[in-house]
Structure formats: C-alpha cells, structure tokens
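Here is a small set of exercises to work through with the model open in your viewer. Try each task before you read its solution.

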Amino acid sequence: DILVHDCQYLFSEYAPGSPTSKEYWGHSTVEYVVEVAFYANVKQLLLFHHDPQRSDDQMDDLLIYARELAVKLEEKCGGDKENVRLKVDAAKEGDTYDLDPYVFLDENDVSIDGDVSESNGESIHHANDDVSPPRSVNTGQQCVLLGFYESASGPIRDMLESTDNSPKVEVLQSRDELLHFAEQNHPSVIVLDNLLFGCTGFEFCKVIRTEMGEWGKNVPMLVIACPGEGQRARLTAERLNLDDFIQGPYSPSYLFTRIQVSLLRMPLRWRRAPLAENESERLATLQSAGLLDSLPEERFDRITRLAKAMFKVPISLVSLVDEDRQWFKSNQGLAGATETPRDYAFCSHAILTDDIMVVPDALQDERFADNPLVEGSPNIRFYAGCPIKASSCEDGSNKMPIGTLCVIDSKPRDLSEDERRALKDFGAMIEQELELSND
C-alpha cells in the first residue's frame, strides 16, 4: 500500500568528475525508486531522507519530476496518464496514513506478461515486453549458470536449491554449451572455473562482456582461480569487471553467500583475506611447528585464560591459520569448536599485518558484516588479534606469521593503548612458548 523510500538525489547528481558529485554516497536515486515502486505495484510512494541543503522550491521541483516519471511509466505500460496508479508524495513530519491490515494480494492474480489483471476489483499494472525494469528488479525465476570443470557442483547446487524462491541452477562444462545457454537464457549470475573444456573462464567472460549486448555488460560473473594464478590473473579479472575472482581455498558457504548477494544486486560485505606473498613458506613453517591437530596444552591455555579475564571478553583463542581452515590450539569460550573454514577467519586477515588488528564493530566493517560468524553464532561484534610468528623453517632468521592470539566479544567495543600493549605482551608470551618448543 505504501512504500517509504530514501531518495536524496537524481541520477545526474551522481555523475563523476563534478566537485559536487554524490558518487559513492550510496543513496538511491529518484529515478530508481520510482521505477521500483511502479513495477512492484505500489499504490503510494513517499520520498524521504531529503537533502537539508535543498530549498522548498527545489524539493517541489524534485517531487514534480518524480510524478512525471510515474506518468511516463504508466503510458509505456498502456495505462491512462490521467489515472496514474502510483501516487508519489514527499514524506512530511506529522502526516498520517491509514492502512487496511487485512488487504492482501493473491499471488495467483499476479502476471508478468504485460497484461492487466484484476485483483480485489482494482487493476494492477505490469511491465510490457518493450519496457525494461531496472537491473535489480526480478520479474521471474532467477537462474544461476555454473561452469564447473574442476570444482564440485553438488554442494553449492544443493545449497541454492534449498533456499526460499530458489533459482534455477544449470551446470555445464564446455565452452559451446555454456555460450549457447547464456545466449538463450540470460542467467542472473554466472560462476565459472577458470579452466573449462574448450576455453578459460576469462575467455568465456570476454565473449559475454563484448558480444552479448547490455545484459552481457552487466551480468554478475564470478571466476574461481586455478592453483598458482596470481596478480596478473587478478588484473585480468578487474579488466573484465568480474564481481569476484576467487583465489585459494574457499568454503561452499562463502561461494553460496557470494552468489546470493549477486542475485540481490547487493555488495558483499564479507571479504576473504588475500594469501600472503610467502604463503608456501608460511604454511611450511606452520607444519614444522607440530601444533596442528595436537592435544590442548596448559602452557597455551594459561595465557588465553588470562587474556579472557583481563579483557573481560567471552572468547579468547590461539588460532592457527592452515591452508583451508583456522584451527584452535587453545580455546576459551567456544565450547566444542575446534576449527572453522579459513574464509570465515578474522585471523586470516590479522596475520597479514605486523601490528594487532582491532575490529571495534564487525557489523560496520565491510570485510566482516556478512560473515557467518557475525550473522550467526558466536555473533562476533568485537575482535582483536595479535599475529603469532615462528622462525621460518627455510630461514631461521626470518619470522613467519602462523596464527594469532585473539579476543572476541558479542558487543562492540575498542581497546585503549594500554590494552593494545597488553595484547601484544600476551602474544609475545605465546611466541616465547613456540621458541622453547623449538629449542
């Protein structure tokens, strides 16, 4: 009945290069909001979150423009411009709107074929074939095309097909099959191994981007890297405007989430940590330490207990970052947990810095907000991790980060300078125990 939607600026006000450009501000445009409301059969649209710098006359002009957009959409769909079904107003403080809580739209009355159907005695507008809805508006079942030659398709296919409003999932391997399906069906998202039968994933993406019109330029595409592909491949992925180029081990949960946000045309606020430049040496050093999958040891548990008590947090861990997982050598507060996939791990980010890494509020951090450990148990909001280094197995004078000592809370907070120094001191105690083991 009523959609209340932010729309501070016009599309033209986001144009890059202007000193007053709103590029990257993140608010919806007036044009986008009116189209979404129209194609969703909204009865009344209330525009709010107005720019306080606008004058009353400017606000009146913006409202007139929005109403004119609604008239044009009505005409394009064969309606009467004198009887526009979408009413557009500017929300004002103190206005009151009465709704009938018992009026529902029967989904069996809804069509998307461009016809006008009747529901509860009122006509409902739908998009005609010659009117393209905005990219983020889905008018039918979505489709995910998986071009998997090396990767196992079963787990991700099962996850996608088990969701509400599950998309159609098509799994193909060869270049010709993939191109034919893409051209005929225009899938909503394409996910590819970079090694396919008959071509590389990059070559396939280039054809999509350059030879399949407006859809091909905009369709979200994810490519899974072959082992050993590095910076050159990542630069190619950027030139092809890929939504993601997935390097290194990944969990099905990460890929599932990545596909889901692409279907919703939303940014993914969960970033996998890049691999260290000396990753092979780092992993070899971790293996040589002899700690992975070993029994708990009081010398490490003593330190995590002290850290948990000092920082007044529910969780304190010694986490070792392996090739495809983080494994807990010492665990205070995560009963029964021994490891998580590596792409879940905050610690996989923390080992890439020489200083401690502090995340005051994970929900406000683009790297972690959609992470399963934030959205679900243990509901991480605060994280602080100190990298733990061990002498390299290849060069004893060099230190390799093999994990972290970290403290975690389910409430946002920060660390004072004294607390940061204390966390470093606890980390140094862990490193001292490692050196004693080597001696």
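## Exercise 1: the antiparallel sheet

Strand E15 (residues 382-391) and strand E16 (residues 399-409) run antiparallel and are joined by ten bridges. Before going on, note that this is a predicted model, in which local features need pLDDT of at least 70 and side-chain atom pairs count only at pLDDT 80 or more, while totals for chains, interfaces and linings use all residues. Residues are numbered from 1 along each chain as its sequence is written, and side-chain values use heavy atoms, with hydrogens and water left out.

**Task.** Find the residue that stands opposite Lys389 in E16, then place E15 and E16 in their sheet and state which helices lie on the sheet.

**Solution.**
1. Strands and helices here are DSSP runs, numbered from the N terminus (helices, H or I, have at least four residues; strands, E, at least two). Two strands pair if DSSP finds at least two bridges between them.
2. Opposite Lys389, E16 places Pro401.
3. The open sheet has six strands in the order E13-E12-E11-E16-E15-E14, paired antiparallel. Its edges are strand E13 (339-341) and strand E14 (357-359), each with a single partner strand, so one side of each has no neighbour in the sheet. From one strand to the next, the twist averages 25°; axes are lines fitted to C-alpha atoms (for helices, over the stretch in contact), and angles run from 0 to 180 degrees between N-to-C directions.
4. H10 lies across strand E11 (315-321), E12 and E16, at about 75° to E12. H13 packs on the sheet too, touching E11, E14, E15 and E16, and its direction makes about 30° with that of E15. Contact means heavy atoms within 4.5 Å.

## Exercise 2: the parallel sheet

**Task.** Work out the strand order of the five-stranded open sheet and find the bridge partner of Leu146 in E8.

**Solution.**
1. The order is E7-E6-E8-E9-E10, with parallel pairing.
2. Strand E7 (168-172) and strand E10 (244-246) are at the edges, each with a single partner strand, so one side of each is left without a neighbour in the sheet. The twist averages 15° from one strand to the next.
3. Strand E6 (residues 143-147) pairs with strand E8 (residues 189-193) in the parallel sense over four bridges; Val191 is the bridge partner of Leu146.
4. Now add the helices: H3 lies across E6 and E7, at about 165° to E7, and helix H4 (residues 175-185) lies across E6, E7 and E8, at about 165° to E6.

## Exercise 3: salt bridges

**Task.** Locate the salt bridge between Asp293 and Arg325, and decide whether each residue is buried or exposed.

**Solution.**
1. A salt bridge is a side-chain nitrogen of Lys or Arg within 4 Å of a carboxyl oxygen of Asp or Glu. The whole structure has 27 of them.
2. For Asp293 and Arg325, the N to O distance is 2.9 Å. Asp293 sits in the loop between helix H9 (279-289) and helix H10 (298-311), and Arg325 in strand E12 (residues 325-332), so the pair ties together parts that are 32 residues apart in sequence.
3. Buried means under 20% relative accessible area, exposed over 50%, and partly exposed in between (1.4 Å probe, protein chains only). Asp293 is exposed at 54%, whereas Arg325 is buried at 12%.
4. Finally, look around the pair: Asp293, Asp322, Arg325 and Glu339 are linked in a network of salt bridges.
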